[in-house]
Amino acid sequence: MSNPYSVTSSPESANVDSDKLAQVVDRARREVDEGLLPSAQIAIAREGRLVLFETFGDATNDSLYCVFSSTKAITSAAAWLLIEAGELSTDEVVAAIVPEFGTNGKDVITVEQLFLHSSGFPHAPFHPTDWPDRDRRYARFAQWRLNWEPGSQFEYHPSSSMWVVAEIVERRSGRDFTEFVRTEIADPLGLSDLHLGLPAGEHPRVAEIVHCGEPMTSEDYARLGLPEPPVTEVTEDAILSFNRPEIRAVPVAGGGGIMSAADLALFYQGLLHGGSVVGRRVWKDETLRMARAVRSGDLRDPVTGVPVNRALGVVIAGDSWRNMRGFAHGNSAEAFGHGGAGGQIAWADPATGISVGYCTNGHDRNPMRLGRRGVSISNRVADVTVA
């Protein structure tokens, strides 16, 4: 399938400044032009329309990217539909829905804690190819053990909690998770290239992941006065595994979505407008308000010490520290989104109506440079509306 998305010929008709869009393009392509990243793709949308969709380097607008943890917003939004329908409540105990999960002290974990990364099993192992075999899937859930008491703290769960959210979607809907996302979210929004579980015929379109740059050393962190980040399951080998067709074919709920930057930007338009501007209405306005309400209280990131400002599966910019959460200095406090490994950017701002998707297949080993790039691009995107 070729790229189905068109860009408006007049950004000003969507109250977007063409000159400011040009500044976004210059910044988004910088590391590609410098030879650090093999490719990058960016899209900006407003009023349900794309005002920018460009690709740089050895890829085209027809290319698809693994968006890693930006997938969490899509998985979460699938669960929001069950909440809206009265088929799921955030205060339910997970083990009442998935009995196989309720072992080793996990019987007290609530649905809300899965979304907030306060469940207590951040390092629980799960191989993606276990997902299609239900017996292996449930055996893995049963084996998982707690690292700390559920609800007592925040620690980012790279993949484990979202596997359980996907399982809950299947149990309560009675439908396959891939099929649910396709028919209830992607198709109604007209996003034919948004995939959790990539069809075999689409694999040639995916930009192959590579690692680039040199990692920071212990001395680098010490010089900057920063703690070294903890070792997690997000290793270079784990990242590169998404170049394998058998992994791409699995709907990795916490980090395996494959799509274009246009799909990301337009998906977030759906979260701004319930879907009615992009396609058929998917979520009610009250559902979106419920899902975007901050629920994390005083929970803080153990590495940065910053309040995490988490809602149901998405991060909210907030009034301070928003750049530490991956947002622009110019975003409103209500901006929301979720980035992904390697520097993927995805957010929307209700105050301006702007949404953005940025994807790259070049995973920078330098987290400081990667973080600065994300904020720098977002700063320019947040400023594109006509004054």
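How many disulfides does the structure hold? I began my notes with this point, and I recorded that the model is a predicted one.

**Entry 1: cysteines**

I found zero disulfides in the structure. I then looked up two cysteines to see why they form no such bond. For Cys66, the closest cysteine sulfur lies in Cys359, and the distance of 9.3 Å is too far for a bond. For Cys212, the closest cysteine sulfur is also in Cys359, at 15 Å, which is again too far for a bond. A disulfide requires the two sulfur atoms to be within 2.5 Å. I also noted the surroundings of these two residues. Cys66 has a relative accessibility of 4%, so I entered it as buried. Cys212, at 9% relative accessibility, counts as buried too.

**Entry 2: strand β1**

I turned next to strand β1, which spans residues 39-46. Eight of its eight residues are buried, and the strand is mostly covered. In a regular strand, side chains alternate between the two faces of the sheet. I therefore listed each side of β1 separately, and both faces proved to be covered. On one side I recorded Ser39, Gln41, Ala43 and Ala45 as buried. On the other side, Ala40, Ile42, Ile44 and Arg46 are buried as well.

**Entry 3: the partners of β1**

Which strands pair with β1? One of them is strand β2 (residues 49-57), which is antiparallel to β1 and joined to it over eight bridges. Within this pairing, I found Phe53 of β2 standing opposite Ala43. The hairpin of β1 and β2 has two residues between the strands, and there Glu47 takes a positive phi near 55°. Strand β9 (residues 354-360) also runs antiparallel to β1, with six bridges between them. I noted that Ala45 has Ser355 in β9 as its bridge partner.

**Entry 4: Thr55**

I then examined Thr55, which is found in strand β2. Is Thr55 buried or exposed? Its relative accessible area is 17%, so Thr55 is buried. Its side chain makes a polar contact of 3.0 Å with the side chain of Gln41. A second polar contact, of 2.5 Å, links the side chains of Thr55 and Asn61. Leaving aside residues up to four places away in sequence, I recorded that Thr55 touches Ala40, Gln41, Thr60, Asn61 and Tyr65. Gln41 was already in my notes as one of the buried residues of β1.

**Entry 5: helix α12**

I looked up helix α12 next; it covers residues 261-273 and has 13 residues. From its first C-alpha to its last it reaches 19 Å, close to the 18 Å expected at 1.5 Å a residue. Why is α12 described as largely enclosed by the rest of the structure? Twelve of its 13 residues are buried, so the description holds. Among the buried residues I listed Asp263, Phe267, Tyr268 and Gln269. Ala261, Ala262, Leu264 and Leu266 are also included. Just after the helix, Gly274 takes a positive phi of about 75°.

**Entry 6: Gly374**

My last entry concerns Gly374, which is found in helix α14 (residues 367-381). Its relative accessible area is 14%, so I counted Gly374 as buried. I also checked its separation from Gly343: the two residues are 31 residues apart in sequence. In space, their C-alpha atoms are 6.4 Å apart.

How values were computed
Residues numbered from 1 in each chain as written. Predicted model: local features only at pLDDT ≥ 70, side-chain atom pairs only at ≥ 80, totals over all residues. Heavy atoms only, no water. Helix = DSSP H or I, 4+ residues; strand = E, 2+ residues; numbered from the N terminus. Expected span 1.5 Å × (residues − 1). Buried < 20%, exposed > 50% of the residue type's maximum accessible area, 1.4 Å probe, protein only. Pairing = 2+ DSSP bridges. Polar contact = N/O pair within 3.5 Å; in protein donor to acceptor, adjacent residues only side chain to side chain. Contact = heavy atoms within 4.5 Å.
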